[in-house]
Amino acid sequence: MAEQKHVEIFTDGACSGNPGPGGYGVILRYMGLEKEISGGAIDTTNNRMELMAVIAGLSALNQRCRVTLYSDSKYFVDAMEKGWAKRWKANGWMRNGKEKALNPDLWDEVLRLFSRHDVELVWVKGHAGHPENERCDRLAVAQSKKYARELYGGEPDDK
């Protein structure tokens with residue numbers, strides 16, 4: 001059996017207001033080649049954009065890979081590493097007996113994609129000079145501004 005390809009994925013999400021217009025940015029790196037992906041939504045949250053970045057990155061892979069996934073989202077990294085997301089799903093998307101888990105649609109897709117790949121998570125401190133994290137942030141913010149222009153007819157600070 002051939003050895004799995006190793007892909008690095010860097011992700012970030014951004015939101016202008018929370019909720020508000022948001023964006024995400026992704027860099028995929030394989031054997032020195034890079035691909036950038038970005039997108040967003042007109043009415044979203046920062047956590048949804050962080051999860052969408054992960055989904056976009058993993059969805060771009062067309063075969064099972066060994067993935068090192070870098071994220072500055074403690075929400076995402078902790079939920080995966082500490083088993084929270086799996087537990088929420090097992091409990092009918094409840095965090096505990098009273099509180100619903102947020103973003104179950106996205107968490108369900110994240111869990112599905114994780115089952116298709118061998119993923120190692122690396123938390124990076126955001127806005128701390130990590131080159132790929134900074135680039136993903138620029139991609140995410142650009143998308144957030146694009147959706148803000150659609151919503152407000154200009155930059156959010158213009159209103």
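## Exercises on an aromatic cluster

With 9% relative accessibility, Trp88 counts as buried (under 20% relative accessible area is buried, over 50% exposed, and in between partly exposed; 1.4 Å probe, protein chains only). The model is predicted: local features need pLDDT of at least 70, side-chain atom pairs count only at pLDDT 80 or more, and totals for chains, interfaces and linings use all residues. Residues are numbered from 1 along each chain as its sequence is written, and side-chain values use heavy atoms, with hydrogens and water left out.

**Exercise 1.** Work out how many aromatic pairs the structure holds, and classify the pair of Tyr75 and Trp107.

*Solution.*
- Start with the criterion: rings of Phe, Tyr and Trp (its six-membered ring) pair if their centres lie within 6.5 Å, and planes under 30 degrees apart are stacked, over 60 edge-to-face, the rest tilted.
- The structure holds five such pairs.
- For Tyr75 and Trp107 the ring centres are 5.4 Å apart and the planes stand at 65°, so this pair is edge-to-face.
- Next, place the partners: Tyr75 belongs to helix H2 (residues 74–81) and Trp107 to helix H4 (residues 104–116), so the pair ties together parts 32 residues apart in sequence. Helices here are DSSP runs (H or I, at least four residues), as are strands (E, at least two), numbered from the N terminus.
- Finally, check burial: Tyr75 is partly exposed because its relative accessibility is 22%, whereas Trp107, at 0%, is buried.

**Exercise 2.** Find how Trp88 and Trp107 are arranged, and which residues the ring pairs link into a cluster.

*Solution.*
- Trp88 and Trp107 are edge-to-face, at 5.6 Å centre to centre with 75° between the planes.
- Their pair links distant parts of the chain, since Trp88 is in helix H3 (residues 84–90) and Trp107 in helix H4, 19 residues apart.
- Ring pairs join Tyr75, Phe76, Trp88, Trp107 and Phe114 into a cluster.

**Exercise 3.** Describe the fold around these rings: how many helices and strands does the protein chain have, and how compact is it?

*Solution.*
- Count the elements: the protein chain has five helices and five strands.
- In sequence order they follow β-β-β-α-β-α-α-α-β-α.
- Compare sizes: the radius of gyration is 16 Å, close to the 15 Å from the globule rule for 159 residues, so the protein chain is as compact as a globular protein of that length. The radius is taken over C-alpha atoms, and the rule is 2.2 Å times the number of residues to the power 0.38.
- As for burial, 45% of the 159 residues are buried.
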